[in-house]
Amino acid sequence: MSLATNPLLQLTGKQQHLWNEFEAIFPTELELISAAIALGAEAVVPWSAAEIALARTSGTTTPLSKIKLSSLRDLICAGFDPLGEAFCTLRSPSMRRENGAVYTPGAIVRSMVEWAADRGTPQRIIDPGMGSARFLLQAAGAFPQASLIGVDIDPLAALIARANLAVAGFAARSQIILGDYRRFNEPVAARTLYIGNPPYVRHHQIATKWKEWLSDEAAKLGHKASQLAGLHVHFFLATARNAKPGDFGAFITAAEWLDVNYGSLVRSLVVGELGGHSITVIEPTAQPFPDAASTAAITTFEIASRPTSVVFRRVDSLRELDGLNKGRKIHRDRLATEARWSYLTRSAARPPEGYVELGELCRVHRGQVTGANDVWIAGAHSEGLPDCVLFPTVTRAKEVIDAEGILRDAANLRCVIDIPVDLDELDPRERKAVDRFIRFALEKGANKGYIASHRKAWWSVGLRSAAPIISTYMARRAPAFVLNKADARHINIAHGLYPRDPMTEKARSTLVSFLQTNISQRSGRTYAGGLTKFEPREMERLIVPSPAMLAAGVLQ
Ligand SMILES: C[S@@+](CC[C@H](N)C(=O)[O-])C[C@H]1O[C@@H](n2cnc3c(N)ncnc32)[C@H](O)[C@@H]1O
């Protein structure tokens, strides 16, 4: 057994001596089973048939001496996990990969339990895939009144968990269930903490019936699930299904789900039912998973809570795990529209006190692409069209730049022709003029091309609603912003800024003044030739005054 695997704590000299003694204690799994039983595993109920059978297999081994058992007890009571370490040594990483059995370093377990202790007092604690019960043991100390439930499919892990809980004196309030966590369902009124390290098992090893389970159960909650999702995604869903408002939790998993397509179910659950509070990404340098060089993410949540923002952070050493509530706040609505999340942990610079990222206040949307401006921007060719299909629109960056902060009048703007998808909405006179125009557009081939053929109806450009603030995003100068008093629409040469929460006229105008004077070309991405471009997500990262400062009209 190697100490390097992952001791929970620093050993004292005496403990180190004891630990070295154990190197030879567990040559095979039989000795481990025998030790678990001798340490009192039976005291934790209910026992499963598989565990009873396993326990019988160890009958032929030489029992451990009293001294050795007593030393094992000492180590367990001191917070070490000698049985869990022996398990990880006896089973190679590739054997354990089958069930995703990678046990969690003590520093991570402690930080997650500390987060839970700050959030409230559960009456019940569930560890899905409890392994050797590291989370239950730590949480049992933090919540002395709570009942403890561990669920795992591995009978050997179950025996070890029982022994650990018995030695630590928690047998009476513990329950170990041998079974699949996706089948676990014991609803109780008691406030429950879900805490653990759901197994990482790739989709190739997941049976078709469970993939169907994932899709069906996700659909019941109104979400889509990918067949490529790993087992940890199944555990998130199983938790969202079983938990009730007020329950809370913290899971550590591989971080992939933050960005990949199959992770969209977890992202939807975090924004929705699970009520995500924080996401802390742990770099591989910190070795979050001792025998896998992967990035981890700790997700904390409180069921059905709808926090305005979720906190994102990235750490590269376990020493930095000094609280899971620190980091960059990202508005929940913004998360709902982001397809990738991990970049959110890479804040270039934290906004100074009193400032936030623009994305916290506004969604930024590029304007609609018409597909053929010579057809869809009104002119002589569209004379006779009714006003109901003509929308004054910002169609040139110059119109924003020249307005110098306020777009007061739509009179100088050109109109975009936006015909309803359902032509029956038009009255007979309007319909006649529109039909004539549609014939003209067909002659011009405006129904062809990628954009037109991917619209609901090729004749309907589908402009976005008028954005309260409009900006340029590509120029050889800093972007220009205008307060859109003209209710103008915008096409894809401009971005629209749409406040997430209601924003007074004064606050909008202060925001525009700030953006007009404080944003430099350097904040965007500069291309060869000096052209600077701000993609919507990049614009959302601009640092602007907080809502309080904007409401007060304060500019610094
Ligand atoms: C990543 S380990 C975590 C162990 C422990 N909670 C810890 O953090 O140290 C995942 C555990 O989930 C168990 N497991 C795998 N598939 C499972 C399933 N379908 N239901 C319940 N447990 C499962 C594995 O046997 C393994 O013990």
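Modeller: Before we start, one cut-off for this predicted model: a residue is called buried when its relative accessible area is under 20%, and exposed when it is over 50%.

Biologist: Thanks! With that in hand, is Cys 362 buried or exposed?

Modeller: Cys 362 has a relative accessible area of 0%. The limit for the inside class is under 20%, so Cys 362 is buried.

Biologist: And Cys 77, buried or exposed?

Modeller: For Cys 77 the relative accessible area comes to 56%. The upper class begins over 50%, so Cys 77 is exposed.

Biologist: How many disulfides does the structure hold?

Modeller: A disulfide needs two cysteine sulfur atoms within 2.5 Å. The number of disulfides in the structure is zero.

Biologist: Let's turn to the rings. What kind of aromatic pair do Trp 257 and Trp 341 form?

Modeller: There are 15 aromatic pairs by the rule used here. In the pair of Trp 257 and Trp 341, the centres are 6.1 Å apart and the planes meet at 70 degrees. Angles over 60 degrees fall in one class, so this pair is edge-to-face.

Biologist: How many residues apart in sequence are the parts that this pair ties together?

Modeller: Trp 257 sits in the loop between β5 (248–254) and α12 (264–271). Trp 341 sits in the loop between α13 (332–337) and β10 (355–357). Both count as buried, Trp 257 at 0% relative accessibility and Trp 341 at 0% too. The pair therefore ties together parts whose separation in sequence is 84 residues.

Biologist: Which residues form one aromatic cluster?

Modeller: Trp 257 and Trp 341 are both members of this cluster. Listed in full, the cluster is Phe 236, Phe 251, Trp 257, Phe 301, Phe 312 and Trp 341.

Biologist: Phe 437 and Phe 440 both lie in a helix; which one?

Modeller: The two are three residues apart, about one turn of the helix. Phe 437 counts as buried at 3% relative accessibility, while Phe 440 counts as partly exposed at 21%. Their shared helix, residues 428–443, is α17.

Biologist: Arg 182 lies over the face of which residue?

Modeller: Another arginine, Arg 191, lies over the face of Phe 248, at 4.1 Å from the ring centre. For Arg 182 the distance to the ring centre is 3.8 Å, and the ring belongs to Trp 210.

Biologist: Last one: how many nonpolar residues are in the lining of the second largest cavity?

Modeller: This cavity has a volume of about 30 Å³. Its lining includes Arg 124, Ile 126, Phe 184 and Tyr 194. By class, two lining residues are polar and two are charged, and the nonpolar ones number four.

Note on methods. Residues are numbered from 1 along each chain as its sequence is written. This is a predicted model: local features need pLDDT of at least 70, side-chain atom pairs count only at pLDDT 80 or more; totals for chains, interfaces and linings use all residues. Side-chain values use heavy atoms; hydrogens and water are left out. On a 1 Å grid over the protein atoms alone, a cavity is a set of points where a 1.4 Å probe fits but cannot get out, and a pocket is an open set with protein on both sides within 12 Å along at least five of seven lines; lining residues have an atom within 4 Å of a point. Grid points are joined across faces, edges and corners, and a volume is the space filled by probe spheres set on the points. Ala, Val, Leu, Ile, Met, Phe, Trp, Tyr, Cys and Pro count as nonpolar, Asp, Glu, Lys and Arg as charged, and the others, Gly among them, as polar. Buried means under 20% relative accessible area, exposed over 50%, partly exposed in between (1.4 Å probe, protein chains only). Rings of Phe, Tyr and Trp (its six-membered ring) pair if their centres lie within 6.5 Å; planes under 30 degrees apart count as stacked, over 60 as edge-to-face and the rest as tilted. Helices (H or I, at least four residues) and strands (E, at least two) are DSSP runs, numbered from the N terminus. A charge sits over a ring if NZ of Lys or CZ of Arg is within 6 Å of the ring centre and within 35 degrees of the ring normal.
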